[in-house]
Amino acid sequence: MQTQNLLMAALTHLIQFQTTHCAIARERALMMFEALAELKESSPELQTLCCKASDLLIA
């Protein structure tokens, strides 16, 4: 459940950042993707996707 909640929050903030270019939404999306990548129950695929999403937000 924690993974699902973090993923929903990350995607929500990512979409908000994409539509508004709000720096706070970007920071929150980054935080959520980093937290998802660090979860013990995250699969390697999810970790890879989170890292790629973070890289896109940083660029």
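Here's a quick rundown of helix 2, the nonpolar core around it, and the cysteines. Keep in mind that this is a predicted model. The short version: helix 2 turns one face inward, gives the most residues to the largest nonpolar core, and sits in a structure with zero disulfides.

**Helix 2**

- Helix 2 covers residues 23–38, which makes 16 residues.
- From first C-alpha to last, helix 2 reaches 23 Å, close to the 22 Å you'd expect at 1.5 Å a residue.
- Its buried set is Ala 25, Ala 29, Leu 30, Met 32, Phe 33, Leu 36 and Ala 37.
- Look down the axis of helix 2 and those buried residues fall within an arc of 165°, so they line one face of the helix.
- Over on the other side of helix 2, you'll find Ala 23, Ile 24 and Glu 38 exposed.
- As for packing partners, the buried residues of helix 2 go up against helix 1 (2–20) and helix 3 (44–58).

**The nonpolar core**

- The largest nonpolar core holds 15 residues.
- Leu 6, Ala 10, Phe 33, Leu 36, Cys 50 and Leu 57 have the most contacts inside that core.
- Helix 1, helix 2 and helix 3 each chip in at least two residues, with helix 2 giving the most, at seven.
- Ala 10 makes a handy example: setting aside neighbours within four places in sequence, Ala 10 is in contact with Ala 29, Met 32, Phe 33 and Leu 36.
- Those four contacts of Ala 10 are also on the list of buried residues in helix 2.

**Ser 54, a buried serine**

- Ser 54 sits in helix 3.
- Its relative accessibility is 9%, and buried means under 20%, so Ser 54 counts as buried.
- Beyond its neighbours within four places in sequence, Ser 54 is in contact with Leu 30, Phe 33 and Glu 34.
- Phe 33 turns up in both contact lists, touching Ala 10 as well as Ser 54.

**Cysteines**

- A search of the whole structure turns up zero disulfides.
- Why is Cys 51 not bonded to the closest cysteine sulfur? That sulfur belongs to Cys 50 and lies 7.0 Å from the sulfur of Cys 51, too far for a bond; the cut-off for a disulfide is 2.5 Å.
- Cys 51 is partly exposed, with a relative accessible area of 42%.
- Cys 22 also counts as partly exposed, at 26% relative accessibility.
- Cys 50, for its part, is one of the residues with the most contacts inside the largest nonpolar core.

Key. Residues numbered from 1 in each chain as written. Predicted model: local features only at pLDDT ≥ 70, side-chain atom pairs only at ≥ 80, totals over all residues. Heavy atoms only, no water. Helix = DSSP H or I, 4+ residues; strand = E, 2+ residues; numbered from the N terminus. Expected span 1.5 Å × (residues − 1). Buried < 20%, exposed > 50% of the residue type's maximum accessible area, 1.4 Å probe, protein only. Arc of directions from axis to C-beta. Contact = heavy atoms within 4.5 Å. Core = buried A, V, L, I, M, F, W, Y, C linked by side-chain atoms within 4.5 Å.
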